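I opened my notebook with a friendly newcomer in mind. These are my entries, in the order in which I looked things up.

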Amino acid sequence: MTDFVSRRTLMKGAGATLGAAAFARALAPLTEFGETLDMQGMLQKHYKELSTEDMHGVLRRLEEKTKEEYGAEVFIDDVRPIPDVQFGYALNLSACIGCRKCAEACHEENNHDRATNNSYIRVLAIDKGTVDLAFSETDYDGFVPQKDKYYMPVQCHQCDNAPCVKVCPVEATWKEADGIVVVDYDWCIGCRYCEAACPYHARRFNWSKPEIPAEEINPNQAYLSNRVRPQGVMEKCTFCLHRTRKGQMPACLEACPTGSRVFGNLLDPESEIRQVLLNKRVFVLKEDLGTQPRFFYFFDE
Amino acid sequence: MSRLLLGIAALALLLVGCNQGFSDPSREFGPPVAGKKSGVVTIHQPAGLGLLDTDRRDIHGAPIGIACATCHGAGADMEPIVKELGNPEQMHATITLKHGENTCASCHDTDRSKLRLANGTTFPMSDAMRLCAQCHGPQKRDYDAGSHGGMTGYWDLRQGPRTRNHCLDCHSAHDPAFRGGEAVHPVKDRFMSAPSETHHD
């Protein structure tokens, strides 16, 4: 008796079919390029390895992408650190009234997702006489300042010994020459290790694609800063580097109605930030962790 | 010959003019040098200095104020004015005076368009910050050091100008305690319920 199909052939055929199906399944994401991913973005090099020409192409591609996806004409720049500038930021806890105007300005300046009201600044309302952050509130509303509270805005401290940078498995986040900790949103894999590592809760994750109406998009953008982030990547305060590296004040400082915020170059002995560090009672948050922040809190008296 | 000389002179002037145009020192750029700040810091001048608020607005929506000198002009005789218009407290009803133990004359000169320091020095309303500084030394010190009072513009004065708030942008001269207000931009955390509608005053 002769089998037309031997057991061996049958197994071979089944194996081949399964193999082909598995191969097709494995390559399936490639068919999705153009919708959620684009090939150029996928093959793009790390920020630090991009040549000037590469960067030019990347910026124009991202501008076109924003135009396509959000209907907004934007200008994305690659602003580099100013030589001999080390940024520092100080906040006056005696003056802050907890109005969250800074958080609002951040939201608008940095093209945050409108649906989640996201902002790089979280303002803690803390009972006077305590420094117990665990019992602070962020969801207060109504009239501020309340008599029994003081207010502590917390944002990225741009640590010199930054835990978030150390834990990144793909080097998508690093410290720049002027002290700002940045994220290459196109290199980040969204593992959120940095979010877990940050003792200041300063990093945010884009759970969804940011929703921003075209007319509300801030067109003055930078690659490492406030360009509209893709879904699934980390983001953080950059001291508004798209402004500050051009000499301007950060948006949160300009929005503060109490003048609580002081920003400047730590290397300039005449700068306002140096005057605060020299003459005021200054502390850094969670000093014991050894993170060496660039963000300082101070009191008037 | 004189026409030729005139031509040469005109050309020389033109060249000098161009040269000045291109060698503007404020446009140079480099790393910051300590103390070398070419930028301009302007102190914002609040509107309505030296005007008594009337709670009325003109056709463009701008507040209508009465200049102090309308009644208190130099050498003005107050008696007929008071007789005509009622008592002075009523006239100044829009002013709430809650500023320590101060009275009108603590700050206002008899020429009401001017301010007066405790030592008798008088100066125009536009120098009001000088008056604030005579009592509020620590605030003036901090203001000068850049840690009191809001500002906008450039931290790097080599690259652009800065505008600083005037004392009176945040503090009323007559009732200077900082007011506070409603908190904006409520947080919407993924793990948190929507912010409550009730305001706890």
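**Entry 1: chain A as a whole**

I began with burial and found that 43% of the 301 residues of chain A count as buried. I keep in mind throughout that this is a predicted model. Next I listed the secondary structure of chain A, which comes to nine helices and 13 strands.

I then looked up the overall dimensions. The C-alpha atoms of chain A fill a box of roughly 105 × 45 × 35 Å along the principal axes. The radius of gyration of chain A is 24 Å, whereas a compact globule of 301 residues would come out near 19 Å.

I also checked how far apart in sequence the contacting residues of chain A are. Among contacts between residues at least 6 apart in sequence, 65% join residues at least 24 apart.

**Entry 2: a sheet in chain A**

What is the strand order of the open sheet of four strands in chain A? I read it as β11-β2-β13-β12, and the pairing is mixed. The edges are held by β11 (261-265) and β12 (281-283) of chain A; each has a single partner strand, so one side of each is left without a neighbour in the sheet. Neighbouring strands of this sheet are turned by 30° against each other on average, if direction is ignored.

I followed one pair in detail. Strand β2 (residues 87-92) of chain A pairs with β11(A) in the antiparallel sense, over five bridges. One of the residues I looked up there is Ala90(A), whose bridge partner in β11(A) is Val262(A).

Then I asked what lies across these strands. Helix α9 (residues 272-279) of chain A lies across β2, β11, β12 and β13 (295-299) of chain A, and runs at about 110° to β11(A).

**Entry 3: a covered helix**

How many of the nine residues of helix α4 (residues 101-109) of chain A are buried? I found eight, so I noted this helix as mostly covered. The buried residues are Lys101(A), Cys102(A), Ala103(A), Glu104(A), Ala105(A), Cys106(A), His107(A) and Glu109(A). I was pleased to be able to name what they pack against: β3 (122-127), β5 and α8 (251-255) of chain A. After α4(A) comes Asn111(A), with a positive phi near 50°.

**Entry 4: backbone oddities in chain A**

I went looking for positive phi values in residues other than glycine. Glu171(A) has one of about 55°, and Glu171(A) sits in the loop between α5 (163-167) and β6 (173-175) of chain A. Phi of Cys240(A) is also positive, near 50°, and Cys240(A) belongs to the loop between β10 (234-235) and α7 (241-244) of chain A.

Are these two residues buried or exposed? Glu171(A) has 12 other C-beta atoms within 10 Å, and is therefore exposed. Cys240(A) has 26 other C-beta atoms within 10 Å, and is therefore buried.

I also noted a cis peptide bond between Val144(A) and Pro145(A), with omega about -5°. Pro145(A) is in the loop between β4 and β5 (149-154) of chain A.

**Entry 5: where chain A meets chain B**

Val144(A) led me across to the other chain, since I wanted to know its bridge partner. In β8(B), that partner is Gly181(B). The strands involved, β4 (residues 143-144) of chain A and β8(B), pair in the antiparallel sense over two bridges.

I then took stock of the whole interface: 34 residues of chain B are in contact with 46 residues of chain A. On the chain B side, β6 (151-153) and β8 (181-182) are the elements that give two or more residues. By class, that side has 12 nonpolar, 17 polar and five charged residues.

**Entry 6: a hairpin in chain B**

My last stop was strand β2 (residues 51-57) of chain B. I found it hardly covered, with zero buried residues among its seven. β2(B) pairs with strand β3 (residues 63-67) of chain B in the antiparallel sense, over five bridges. Leu52(B) stands opposite Ile66(B) of β3(B). The hairpin of β2(B) and β3(B) has five residues between the strands, and Gly61(B) takes a positive phi near 90° in this hairpin.

Terms used: Residues numbered from 1 in each chain as written. Chains lettered and ligands numbered in written order. Predicted model: local features only at pLDDT ≥ 70, side-chain atom pairs only at ≥ 80, totals over all residues. Contact = placed C-beta atoms within 7 Å. Nonpolar A, V, L, I, M, F, W, Y, C, P; charged D, E, K, R; others polar. Pairing = 2+ DSSP bridges. Buried ≥ 20, exposed ≤ 12 C-beta atoms within 10 Å, placed from the backbone. Axes fitted to C-alpha atoms, helices over the stretch in contact; angles between N-to-C directions. Rg over C-alpha atoms; globule rule 2.2 N^0.38 Å.
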